[in-house]
Amino acid sequence: MGFLGLFTPKWRHRDAKVRLAAVQRLQAHDDGILVKVALGDSDPAVRMAAAARIVSESTLRRLLAASDARVVAMARERLSGVAARLVKEASSLSQCADLLAGISEQSSLAEIVLVGRDRAVRSAALDRLLSLEAPSQSALATIAIQDGDGALWPRALPRIERRADLKDVARKAKRDDVRAGALARLA
């Protein structure tokens with residue numbers, strides 16, 4: 001604790017509000033401290049604030065062993081974002097298949113489907129999205145609307161069940177065949 005607490009770092013202070021403010025002032029290069037706080041602080045808000053400030057993939061992986069389920073969820077979400085960025089930039093499926101398998105956030109998968117560099121990566125991301133228990137209807141509609149090369153909409157459109165999303169596809173799709181398919185499903 002130091003002499004009367006004078007030399008104690010603020011992130012180790014007795015008061016959770018002081019620790020929270022200290023964590024919010026820490027920089028990304030302080031990830032050693034951020035991990036200690038995220039894994040061991042007594043206050044859940046301080047743990048979450050520390051987890052939210054971590055940017056390193058390897059450090060985020062360490063948080064997956066946390067006892068706080070919210071910290072683990074935060075780490076998974078952040079890792080999903082990192083993986084999605086790497087997968088979008090991959091030039092072949094073999095480069096990123098393991099990363100893609102770890103992504104379960106539907107918005108990240110939909111983004112990969114739409115803007116991935118490699119067609120096989122985009123197709124595998126759609127497979128991953130469709131394999132989820134309840135794929136996002138709005139994500140599937142967005143894929144059908146924005147599929148410029150026409151390779152993936154035939155797999156997304158049949159899975160859209162909400163009438164409002166089908167109407168959006170019928171109105172907004174870039175391709176005539178997608179609009180016709182949505183109108184046929186509406187009829």
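A helix, as I use the word here, is a DSSP run of H or I with at least four residues, and helices are numbered from the N terminus. I note at the outset that the model is predicted.

**Entry 1: the pocket.** I looked up the largest pocket and found a volume of about 250 Å³. Of the 13 residues in its lining, Arg76, Leu79, Ser80, Ala83 and Gly102 are the closest to the pocket centre. I then asked which elements give two or more residues to this lining. They are helix H4 (57–63), helix H5 (69–89) and helix H6 (93–101). Helix H5 gives the most, with five residues. Sorted by class, the lining holds six charged, four nonpolar and three polar residues.

**Entry 2: secondary structure.** How many helices and strands does the chain have? I recorded 12 helices and zero strands. Read along the sequence, the pattern is therefore written as α-α-α-α-α-α-α-α-α-α-α-α, since each element is a helix under the DSSP rule.

**Entry 3: overall dimensions.** I compared the radius of gyration of the chain, 22 Å, with the value near 16 Å that a compact globule of 187 residues would have. The C-alpha trace spans about 75 × 35 × 25 Å along its principal axes.

**Entry 4: burial, contacts and surface.** I found that 41% of the 187 residues count as buried, where buried means under 20% relative accessible area. Among contacts with a separation of 6 or more, 49% come from residues 24 or more positions apart. Lastly, I looked up the exposed area of the chain, which is about 10,300 Å². Carbon and sulfur atoms supply 52% of that area.

Definitions and conventions:
Residues are numbered from 1 along each chain as its sequence is written. This is a predicted model: local features need pLDDT of at least 70, side-chain atom pairs count only at pLDDT 80 or more; totals for chains, interfaces and linings use all residues. Side-chain values use heavy atoms; hydrogens and water are left out. On a 1 Å grid over the protein atoms alone, a cavity is a set of points where a 1.4 Å probe fits but cannot get out, and a pocket is an open set with protein on both sides within 12 Å along at least five of seven lines; lining residues have an atom within 4 Å of a point. Grid points are joined across faces, edges and corners, and a volume is the space filled by probe spheres set on the points. Ala, Val, Leu, Ile, Met, Phe, Trp, Tyr, Cys and Pro count as nonpolar, Asp, Glu, Lys and Arg as charged, and the others, Gly among them, as polar. The radius of gyration is taken over C-alpha atoms; the globule rule is 2.2 Å times the number of residues to the power 0.38. Buried means under 20% relative accessible area, exposed over 50%, partly exposed in between (1.4 Å probe, protein chains only). Contact means heavy atoms within 4.5 Å. Accessible areas come from the Shrake-Rupley method with a 1.4 Å probe; for residues, only the protein chains shown count as cover.
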